Amino acid sequence: MILVFGVWLRWLPVAGYVPLDVGLWPNARSLLMPSVSLGLVQSALIASITRSSMLDVLREQYILASRAKGLAESAVVYKHALKNAIIPTLTVIGIPFAILVGGAVVIETVFNIPGLGRLIISAVLRRDYPVIQGVVLVIAVTYTLINLAVDLVYLTLDPRIRYQ
Amino acid sequence: MLGAVLVVLNVLVAMFAPAIGRWEPQRLDVQARLAPPTASHWMGTDDVGRDVWSRVIHGTRLSMIVGGAVVALSFVGGIVFGLLGGYYRPLDNVLMRIMDGFMAFPGIILAIAMMASLGPSVVNVIVALGIVYVPRVARIVRGSVLVIRETPYVEAALALGVPDLIVLGRHVLPNCLSPVIVQGTFIFAAAVLGEAALSFLGVGVPPQIPSWGNVLAEGRLYLQQAPWLTLFPGAAIMGCILGLNLFGDGLRDLLDPKMQGIATGVRPS
């Protein structure tokens, strides 16, 4: 991506981060490639899980009934099928959502973005142990909170799920 | 099938790396610094004139060694903890809370933190990544053991007075191995990716050892002048991970036909 969009086409900056106060468009341009490269990997996983889950749901009796009573295909797919197929997808969305917190380390280094990932790497290279401990703690707490939030979202989407 | 072919290809390349490599990975050809791919240097040369083909081939060997060793280490730890946790209920709470503690950290962050204290070396990369994947194996084994320990044949063995160690080794362990073996291929892929990421970040194997991550990290600085420095190791990583994921999916379909078509694949740690 850097080679194509940054070096050959020169559409986007090769690396670096432009803060939001400089302007919305320069900020968005600097974040576009890192976001896409981080998100694209996870989107493949989410797409394959959603596909298999949708295939299962579309074979259910109530989908056949919805079609038999003459509902539009979009209503059948989006209102009836997707709502039920999204639960296993959400389970998987929770994983990359939390992984992104850690996965950003490599992306931040590649794109020279001054985030927590770059901070921990520079701290490791400088043997700055207090900073390493602090960053690991912040990331672990964020990771746990994201997992908790995803678990709570299940409750609202599927009332059949109840935590003791 | 394609997955198996790619995996076998990677293993063969790793086994015969010195023969296929043509050049020594450390040999300098200063006259041909940053040379593009030619007949003598199939993948070009890097900033100090080292042959990229040879470094990528030797990187394959290192990746295979790290992947295999991480799988072995995570299997040993995960199977022991999983068997003990699933079989001895009072131990379960203690062991699984420790595993939960490890799982509270994103894999790569935990590995980076461990590498910071252990220092850069191949063995330390294996230890750090092995520890990261122990909880994943332990959870799978524990889940299977919880089901198997309630089965009549285990009850019958216990009623006959068979010692716990033999029940675990002969009756429980062989029956909970198939999901673990499938997971092993994904852990292998994640370990290869993890090693490349750690080396790329400069906290993995020392820079003088040829690894995919090291070659990528060196090539990144010359992206504009010498794109082959990043393209070839990148393609090698992609081919290896794709092969392992396809192989793992195929193996899972073979061992568990109910899961057919549900792709999981490697998740970046």
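User: In this predicted model, why are helices H10(B) and H11(B) called roughly antiparallel?
Analyst: Their axes cross at roughly 155°. Angles over 145 degrees count as roughly antiparallel. Therefore H10(B) and H11(B) are roughly antiparallel to each other. H10 covers residues 212-220 of chain B and H11 residues 228-255. The two axes come within 8 Å.

User: What is the hand of that crossing of H10(B) and H11(B), and which residues make the contact?
Analyst: The crossing is left-handed. H10(B) supplies Trp212(B), Val215(B), Leu216(B), Glu218(B), Gly219(B) and Arg220(B). H11(B) supplies Leu229(B), Thr230(B), Pro233(B), Gly234(B), Ala236(B) and Ile237(B).

User: How do the residues of the contact of H10(B) with H11(B) divide into nonpolar, polar and charged?
Analyst: There are 7 nonpolar, 3 polar and 2 charged residues. Glycine counts as polar here, and Gly219(B) and Gly234(B) are both part of the contact.

User: What makes H3(B) and H9(B) oblique?
Analyst: The axes of H3 (residues 52-87) and H9 (residues 177-201) of chain B cross at roughly 130°. Roughly perpendicular ends at 115 degrees, and roughly antiparallel needs over 145. The angle of roughly 130° fits neither class, so H3(B) and H9(B) are oblique to each other. This crossing is right-handed, and the axes come within 8 Å.

User: Which residues meet where H3(B) and H9(B) touch?
Analyst: On H3(B) they are Ser63(B), Val66(B), Gly67(B), Val70(B), Val71(B), Ser74(B) and Phe75(B). On H9(B) they are Val180(B), Gly184(B), Ile187(B), Phe188(B), Ala191(B), Val192(B) and Glu195(B). The split is 9 nonpolar, 4 polar and 1 charged.

User: How many helices and strands does chain B have?
Analyst: Chain B has 11 helices and 0 strands. Its C-alpha atoms fill a box of roughly 75 × 40 × 30 Å along the principal axes. Of its 269 residues, 49% count as buried. Take the contacts between residues at least 6 apart in sequence: 69% of them join residues at least 24 apart.

User: Why is His171(B) called partly exposed?
Analyst: His171(B) has 18 other C-beta atoms within 10 Å. Buried needs 20 or more, and exposed needs 12 or fewer. The count of 18 falls in between, so His171(B) is partly exposed. The residue lies in helix H8 (residues 164-172) of chain B.

User: What does His171(B) touch, not counting residues up to four places away in sequence?
Analyst: Tyr153(B), Val154(B) and Ala157(B). Val154(B) is 17 residues away along the chain, with a C-alpha separation of 6.8 Å.

User: What is notable about phi at Leu34(B), and why is this residue called partly exposed?
Analyst: Phi is near 50°, a positive value in a residue other than glycine. Leu34(B) has 15 other C-beta atoms within 10 Å. That count is above 12 and below 20, so Leu34(B) is partly exposed. Leu34(B) sits in the loop between H2 (17-20) and H3 of chain B.

User: Why does Arg127(A) count as exposed?
Analyst: Arg127(A) has 11 C-beta neighbours inside 10 Å. Exposed means 12 or fewer, so Arg127(A) qualifies. Its phi is positive, about 55°, although it is not a glycine. The loop that holds Arg127(A) joins H5 (116-125) and H6 (129-157) of chain A.

User: Is Ser52(A) buried or partly exposed, and how do you know?
Analyst: Ser52(A) has 18 C-beta neighbours inside 10 Å. Buried starts at 20, so Ser52(A) is partly exposed. Ser52(A) is in helix H2 (residues 24-57) of chain A. Thr89(A) is 37 residues from Ser52(A) in sequence and 9.6 Å away, C-alpha to C-alpha.

User: What makes H3(A) hardly covered?
Analyst: The count of buried residues among the 8 residues of H3(A) is 0. Gly70(A) follows H3(A), with a positive phi near 90°.

User: How confident is the predictor in chain A, and where is confidence lowest and highest?
Analyst: Chain A averages a pLDDT of 83, and 90% of the residues score at least 70. Confidence is lowest in H4 (residues 73-110) of chain A, at a mean of 79. It is highest in H3 (residues 61-68) of chain A, at 90.

User: What is the mean pLDDT of chain B, and where is it below 50?
Analyst: The mean is 87, and 95% of the residues reach 70 or more. The pLDDT is below 50 over residues 261-269 of chain B. Beyond near neighbours in sequence, that stretch has 29 contacts in the model. For the complex, the predictor gives an ipTM of 0.73 and a pTM of 0.82.

Methods: Residues are numbered from 1 along each chain as its sequence is written. Chains are lettered from A and ligands numbered from 1 in the order in which they are written. This is a predicted model: local features need pLDDT of at least 70, side-chain atom pairs count only at pLDDT 80 or more; totals for chains, interfaces and linings use all residues. pLDDT is the predictor's confidence in each residue, from 0 to 100. Helices (H or I, at least four residues) and strands (E, at least two) are DSSP runs, numbered from the N terminus. Two residues are in contact if their C-beta atoms, placed from the backbone, lie within 7 Å. Axes are lines fitted to C-alpha atoms, for helices over the stretch in contact, and angles run from 0 to 180 degrees between N-to-C directions. Angles under 35 degrees count as roughly parallel, over 145 as roughly antiparallel, 65 to 115 as roughly perpendicular and the rest as oblique. A crossing is left-handed if the near helix is turned anticlockwise from the far one by less than a right angle, and right-handed if clockwise.
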